[in-house]
Amino acid sequence: MARRPDLAESMIAEIITLGDHWLVHTLDLDAYLPDRFRRRLAAHRDKAVRSALVIHAATAPREMPEQLIDDPDPQVRERLPRDKHIPSDLRGRLATDADPASHPAQIASDTKVLG
């Protein structure tokens, strides 16, 4: 239900407020999710929700990956360089990340960059 392109913004807000893990997780996988909700989910307490937002980074506002690049959880930051839609300047910031697993060069050598 939460992945419907015709889902009303009031319903999206209600789902986020209720906090049901599975419904919120379907929202973060929704390519049609309005940008203001993506930015809101980028600050969600659940790292799985924050990580899943990267899947549709191509249609996300720049502010979303900018917010996630400073995420306190290394697993969230590690997902960013795996997506070719993350702007190159943000990839460059990841190259200086304290966690080597988040470095774009490390990711490229470990696995093929997703796109």
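Which side-chain oxygen reaches the backbone nitrogen of Trp22 at the start of helix 2? Asp20 supplies that oxygen, and the gap is within 3.2 Å. That falls under the heading of a polar contact (a pair of N or O atoms within 3.5 Å; within protein, one must be able to donate a hydrogen and the other to accept it, and residues adjacent in sequence count only if both atoms are side-chain atoms). Helices here are DSSP runs of H or I with at least four residues, strands are E runs of at least two, and the numbering goes from the N terminus.

A word on the ground rules. The model is predicted, so local features need pLDDT of at least 70 and side-chain atom pairs count only at pLDDT 80 or more, while totals for chains, interfaces and linings use all residues. Residues are numbered from 1 along each chain as its sequence is written, and side-chain values use heavy atoms, with hydrogens and water left out. As for pLDDT itself (the predictor's confidence in each residue, from 0 to 100), the protein averages 82, and 83% of its residues reach 70 or more. Among the elements, helix 1 (residues 9-18) comes out highest with a mean of 94, and helix 8 (residues 104-110) lowest with 54.

Back to helix 2, where Val24, Leu27 and Asp28 are buried (buried is under 20% relative accessible area, exposed over 50%, partly exposed in between, with a 1.4 Å probe and protein chains only). These residues sit on the same side of helix 2, because they cover an arc of only 95° around the axis; the arc is taken from the directions from the helix axis to the C-beta atoms. The buried residues of helix 2 pack against helix 1, helix 3 and helix 4.

Next comes the core. In soluble globular proteins, nonpolar side chains tend to be buried together. A nonpolar core is a set of buried Ala, Val, Leu, Ile, Met, Phe, Trp, Tyr and Cys residues joined through side-chain atoms within 4.5 Å. In this model the largest one has 23 residues, and Ile12, Leu27, Leu41, Leu68 and Leu80 have the most contacts inside it. At least two residues of this core come from each of helix 1, helix 2, helix 3, helix 5 (63-68) and helix 7 (88-94). Helix 1 gives the most, with three residues. Taking contact as heavy atoms within 4.5 Å, Leu80 touches Val54, Pro65, Leu68, Ile69, Ile86 and Leu94, leaving aside neighbours within four places in sequence.

Some loop and helix residues are worth a look too. Leu33 sits in the loop between helix 2 (21-28) and helix 3 (35-41), yet Leu33 counts as buried at 3% relative accessibility. Not counting residues up to four places away in sequence, Leu33 touches Ile12, Leu27, Arg38 and Leu41. The C-alpha atoms of Leu33 and Pro5 are 7.7 Å apart, with the two positions 28 residues apart in sequence numbering. Ile55, in the loop between helix 4 and helix 5, is partly exposed at 43%. Leaving aside neighbours within four places in sequence, Ile55 is in contact with Leu29, Arg79 and Asp83, and its C-alpha is separated from that of Asp83, 28 residues away along the chain, by 7.6 Å. In helix 4 (residues 47-52), Ser51 is buried at 9% relative accessible area. With the same sequence neighbours set aside, Ser51 is in contact with Gln75, Val76 and Arg79.

Finally, the charges. Six salt bridges turn up, each being a side-chain nitrogen of Lys or Arg within 4 Å of a carboxyl oxygen of Asp or Glu. One of them pairs Glu9 with Arg36, the closest N and O atoms being 2.8 Å apart. Glu9 lies in helix 1 and Arg36 in helix 3, so this pair ties together parts 27 residues apart in sequence. Glu9 is partly exposed at 37%, and Arg36 is partly exposed at 48%. Arg62 and Asp89 form another, at 2.4 Å between the closest N and O atoms. Here the loop between helix 4 and helix 5 holds Arg62 and helix 7 holds Asp89, so the pair links parts 27 residues apart in sequence. Asp70 and Arg93 also meet in a salt bridge (2.8 Å, N to O). Asp70 lies in the loop between helix 5 and helix 6 (74-79) and Arg93 in helix 7, so parts 23 residues apart in sequence are tied together. Asp70 counts as exposed at 54%, whereas Arg93 is partly exposed at 39%. Salt bridges that share partners also join Arg62, Glu66 and Asp89 into one network.
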